[in-house]
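Visitor: Please display the sequence together with the model. I should then like to ask about the architecture, beginning with the arrangement of the domains.

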Amino acid sequence: MHILLTNDDGPPDNQACPYMKFFVDEIHRATDWKLSIVIPDQQRSWIGKAHFAGKIISTTYIYTQGSTDEPNDAVNNFLGPFNQRRNDLRKTHQEWHLVDSTPAACADIGIHHLSSHDEPVDIVISGPNFGKNAGNLYILASGTVGAAMEAVTHGVKSIALSYEFRTAETNFLQLREAAKLSVKLVELLYEKLKQDDEIELFSINVPLTPSIKCGTTKVKYAPILNNTWKSIYEPLGDGQFSWSPDFKKVWKEGLESQVYSDNRVLLEDAVSVTPLKACFKVTSPLSGEIEVGKPPLLSKRNIFLMTIDRNNYLYDIWKKAFHEKNLEICFTKEVLNGIKSDPSVLVFHYGEYEDLDIDLLQTHPTQYFVSSYIYRKALIRKHYLANTVHQYIVKNRGSSLAHALPATYLLEVDYAEFLDDALDEAYELRQEIERGDRIWILKPSMADKGQGIRLFKSLDDLQSIFNSFDESYEENTDNEQDGIIVSQLRHFVVQEYEDNPLLLQVYNKRKFHLRVYVVALGNINVYLYENFLALFAAKSYARFSEMNEVDDLSAHLTNTCLQEGKHPLVLSFWDLLELKEAEKKLIFESVKGIVRDLFTAAISVDKINFQPLPNGIEFYGLDFLVLSDLSVKLLEVNAYPDFKQTGDDLKEVISTLIVSTASVIANKFFNLSCDNKEIFSLHRLI
């Protein structure tokens, strides 16, 4: 086999090209490959597949011998450069052709003009590169990958080989082992390239870690991380700019990304292998003539797939909304099969989370759109929410979130008898409770519908609550709704109870909370729906100290699901009596500011646990408590909110939300026109 080896780092050098000589020596030690080397005469990184058009190219020569059998200081030494080939040295040394041009030019000239052997080149190997080429930002700019892609355009398949370093110092044994692994992997992938016409080149990334070992280190196929950055130039003034990419930010974002990719494989100390074609990929093929100046004809099949029950509160609303958008309406998931075979099929799927095709979501992101994000617990789990808000306001003390949550503490309890140990960990909470001057509310972090919420004042009260959870569960093993299993919930939040809610005389001074709907679209636009709802408690409000039965929270909990059969009171916020219009606008603006900062916090503080999808949309139901001074407190955030709690009398409120959202979806995912009149009730915050 005749190998053409090139790179973008230039000749062997302890600083600029410290890895290549190990690979060359391993080829000579372990194989019978014929090796030709054509490389740039100097470092040419970050140049992609460029050529110096119009430039006359010259060649010089250097010669090396094996130097990596034992650790030494002369690994990268060579003879030359010489302006002419040295036939006397070719017999005893490895010949290197140094071209005063780009890596892509080296691939071209090496394939067609310069060679140390008579046989045609079987495969081009570019590298090992000094640094990884994982992720779009690096691979699209890489001269190493550019040379490999150039080879493909000349009919020769190729491999781009890159080594990820985590320290500036080279480790002799690690590089020997990386070279062994690389040679073995090239042997395997060369056979794959010969067998598979669809694969034109491979990009390999090898991590230089203490654990690297040929035969032990895992090797995994992986896609390329889709990452971006801002400007890589910094203005110096007077029209001058310096090259200053923020590599630290790229590394940090790659570290936080949990998406399976070449970058994630490297972080697991494994080798990533990415099969590629040397071409631009057409993402959404179109056909037919484009008639300039005339309205375009729809050439795509736009489908709305709905997999919710016919009796669902939203069924008819969604159906009508997308029918008016002239989308094809489908009700079975068989339609998704068309996505894989027909790039003109576009589907928005509204259904329960379990019904969504997660695999299709990742493999066909420009054709399959869904009604949910995958990672969003940074907002919807109460202990994560508290942490998200806290981390954000530490650096943004002027944020609307600074006073948006009641004083909150996290409590992790496995069993009731371990509560005292848990309070030792949460010692600040213990100290606050022991002061005895406030009322507290306990909320299971992952429960909903008011389950497990309790009020208390002392540590003894709190212990009694946890004891009652276990006792209640043992007595109600056939009725999960009544029993709380502490060990399954485990995470709780304890908050200072807001004991001064806004009470309106006309509604018998019943406590209420605001249900606020938010639409998060793509990656990421955030819309606030202006038609808030007011959900009232079943009984008139009584302070905790005035309650006869502390377990009866019907005057304190405003969840309508706890009032089944009692005709819960749900009203439009804007129709509330006793509140002046100016007061309502003040409350609205407060909510607006909190929602904006909350989603900003989610995408900046906890990028692992809140990951918007470019092909996703999600509704969130946020609950706010209005206090007597008209300030508002955020209570919780719910994904897949229960719209039916609105009731039939106010169903039009939800209908307007769905119709407006359908317009946004049609514009975002199907590129259909969107009249601002259709989305007037949605306020874009981000």
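Visitor: How far apart do the C-alpha centres of domain 1 and domain 3 lie?

Guide: This is a predicted model, in which local features need pLDDT of at least 70 and side-chain atom pairs count only at pLDDT 80 or more, while totals for chains, interfaces and linings use all residues. Residues are numbered from 1 along each chain as its sequence is written, and side-chain values use heavy atoms, leaving out hydrogens and water. The domain assignment (automatic or from a database) gives domain 1 (2-227 + 260-276), domain 2 (303-371), domain 3 (372-380 + 388-405 + 502-685) and domain 4 (407-473 + 484-497). Between the C-alpha centres of domain 1 and domain 3, the distance is 56 Å.

Visitor: Which helix supplies the largest share of the largest nonpolar core?

Guide: A nonpolar core is a set of buried Ala, Val, Leu, Ile, Met, Phe, Trp, Tyr and Cys residues joined through side-chain atoms within 4.5 Å; buried means under 20% relative accessible area, exposed over 50% and partly exposed in between, for a 1.4 Å probe and protein chains only. The largest core has 61 residues, and L514, V595, F599, Y620, L622 and F624 have the most contacts inside it. The largest share, 9 residues, comes from residues 581-605, helix α18.

Visitor: From which domains does this core draw at least three residues each?

Guide: One well-connected member is F624, which is in contact (heavy atoms within 4.5 Å) with V591, I594 and V595, among others beyond four places in sequence. A second, separate core of 41 residues includes L5, F23, L189 and V206. The largest core, for its part, draws at least three residues from each of domain 2 and domain 3.

Visitor: At what angle do α13 and α18 pack?

Guide: Helices (H or I, at least four residues) and strands (E, at least two) are DSSP runs numbered from the N terminus. L385, T388, V389, Q391 and Y392 of α13 meet α18 residues including D597, L598 and A601. The axes, lines fitted to C-alpha atoms over the stretch in contact, lie 9 Å apart. On a scale from 0 to 180 degrees between N-to-C directions, the packing angle is about 90°.

Visitor: How is that orientation of α13 to α18 described?

Guide: Angles under 35 degrees count as roughly parallel, over 145 as roughly antiparallel, 65 to 115 as roughly perpendicular and the rest as oblique. The relation of α13 to α18 is therefore roughly perpendicular.

Visitor: Which are the edge strands of the open sheet of 4 strands?

Guide: Two strands pair if DSSP finds at least two bridges between them. The order is β17-β20-β18-β19, with antiparallel pairing; β18 (residues 440-444) has 3 bridges to β19 and 5 to β20. The strands that pair on one side only are β17 and β19.

Visitor: Which residues of β18 are buried on each side?

Guide: In a regular strand the side chains alternate between the two faces of the sheet. In β18, 5 of its 5 residues are buried. On one side these are W440, L442 and P444, and on the other I441 and K443.
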